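Reader: I am in my first year and would like a close look at a single part of this model, followed by what surrounds it. Please give the cut-offs for the terms you use.

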Amino acid sequence: IIVCNYTDNPFFPDVLEQERLYDKEHLPTAEYEHIWLGKFNDSVENSIIPVDWFNAAIDAHLVKGFKPTGVKVVSHDPSDLGPDSKALSVRHGSVVLDVLEMDTGDVNDGCDWATDDAIENNVDTFTWDCDGLCVTLRRQVSQALDGKRINIEMFKGSEKPDNPDQVYEPDENIERKKAKTNRQTFRNKRAQYYWKLRNRFYNTYRSVVKNEYIDPDTMISLSSGIQCMDQLRSEVCRVPRKPNGNGLIQIMSKDEMLNKHKIPSPNLGDSLMMSMLDPTPSKIVDLNFDSEF
């Protein structure tokens with residue numbers, strides 16, 4: 001399999017070259033790359049993460065000279081029902097080391113695949129999407145990680161935001177009584193964590209492209225070794241914001257993305273989003289489920 005494009009055409013006419021140059025200057029990056037380079041169409045109305053931000057994050061840790069440090073997380077997006085693929089992300093501090101997809105087997109096979117990866121990578125925390133039927137995976141996860149020094153976090157995007165009464169992005173110039181809390185900012189936990197991901201991409205873009213000083217702890221770097229980078233970009237850059245009557249930040253649901261935009265479930269994107277969680281202190285896994293996860 002090869003990639004063949006206009007760059008390989010020795011008879012590429014001047015009239016098309018002029019059209020290409022015009023499009024490169026006037027079209028959004030995603031649309032230009034789709035038309036002229038055959039890339040995934042990464043643009044969608046009200047997308048929260050532009051392609052330029054995503055591209056700036058590829059190997060940003062090498063460009064800006066910082067190393068993976070801090071917590072190590074494996075986040076897993078299971079397949080609930082139907083033909084959806086499974087996905088997982090491996091994040092070490094600000095650096096995403098890998099994003100993987102599994103399109104064979106059932107939900108339990110996918111869970112074994114993800115927990116094996118967590119053990120192999122010696123991570124600090126394992127999390128998975130437990131909305132819907134995937135909550136039933138908790139016994140399998142607990143048994144797989146029993147005796148391992150790995151925190152277990154069940155991620156439920158439909159829940160209220162984490163730290164709901166905490167001020168969102170506190171600013172000394174805003175009076176405390178006028179500042180908005182997480183509860184007053186986000187519709188649910190899924191919106192909160194996609195916005196965290198968005199902010200990291202934006203900070204990285206400012207650092208890499210605009211050459212502003214940004215704390216690396218607030219950035220994101222995607223290892224160029226990620227094999228499914230094009231698909232990941234397509235999914236991450238096609239997650240749209242949904243208007244909310246109360247002015248809250250809300251992300252369009254998977255069903256709405258499919259029905260309105262014909263976009264399949266963003267499994268890779270969701271696994272990357274879930275990796276943004278703030279791990280809690282170590283927990284003892286109780287196989288009888290008398291304690292909270």
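Author: The answer starts with one helix and then works outwards.

This is a predicted model, in which local features need pLDDT of at least 70 and side-chain atom pairs count only at pLDDT 80 or more, while totals for chains, interfaces and linings use all residues. Residues are numbered from 1 along each chain as its sequence is written, and side-chain values use heavy atoms, with hydrogens and water left out.

The secondary structure of the protein chain comes to eleven helices and eight strands. These are DSSP runs numbered from the N terminus: H or I with at least four residues for a helix, E with at least two for a strand. Of the chain's 293 residues, 46% count as buried. Buried means under 20% relative accessible area, exposed means over 50%, and partly exposed is in between, with a 1.4 Å probe and protein chains only.

The part to look at is helix H9, which spans residues 229-236. Six of its eight residues are buried, so H9 is mostly covered. The buried residues are Met229, Leu232, Arg233, Ser234, Glu235 and Val236. Their cover includes three helices, H3 (51-57), H8 (189-208) and H11 (267-274), and two strands, E3 (95-102) and E6 (221-222).

One residue shows how H9 is met by its surroundings. Leaving out residues up to four places away in sequence, Phe54 touches Phe201, Leu222, Met229, Leu232, Arg233, Val236 and Cys237. Touching, or contact, means heavy atoms within 4.5 Å.

Phe54 is also among the residues with the most contacts inside the largest nonpolar core, which has 37 residues; the others in that group are Ile49, Leu197, Phe201, Ile220, Leu222 and Leu272. A nonpolar core is a set of buried Ala, Val, Leu, Ile, Met, Phe, Trp, Tyr and Cys residues joined through side-chain atoms within 4.5 Å. H3, E3, H8, H9 and H11 each give two or more residues to this core. H8 supplies its largest share, seven residues. Another core, of 17 residues, lies apart from the largest one and includes Ala114, Trp128, Leu145 and Met154.

Just beyond H9, Pro240 lies in the loop that leads to strand E7 (241-242). At 0% relative accessibility, Pro240 counts as buried. Its contacts, leaving aside neighbours within four places in sequence, are Val44, Glu45, Asn46, Ser47, Ile48, Ile251, Met252, Met257 and His261. Met252 is twelve residues from Pro240 in sequence, and the two C-alpha atoms are 5.9 Å apart.

Next come the strands. E3 and E6, which help cover H9, belong to an open sheet of six strands in the order E5-E4-E1-E2-E3-E6, with mixed pairing. E6 and E5 (151-155) stand at the edges with a single partner strand each, so one side of each has no neighbour in the sheet. Two strands pair if DSSP finds at least two bridges between them. E3 and E6 run parallel and are joined by two bridges, and Val95 has Ser221 as its bridge partner in E6. Helix H5 (107-120) packs on the sheet, where it touches E1 (72-77), E2 (86-92), E3 and E4 (125-129); the direction of H5 makes about 15° with that of E2. Axes are lines fitted to C-alpha atoms, for helices over the stretch in contact, and angles run from 0 to 180 degrees between N-to-C directions.

At the other edge of the sheet, five bridges join E4 to E5, and these strands run parallel. Thr125 has Asn151 as its bridge partner in E5. Five of the five residues of E5 are buried, so E5 is largely enclosed by the rest of the structure. In a regular strand the side chains alternate between the two faces of the sheet. In E5, Asn151, Glu153 and Phe155 are on one side and Ile152 and Met154 on the other, and both faces are covered.
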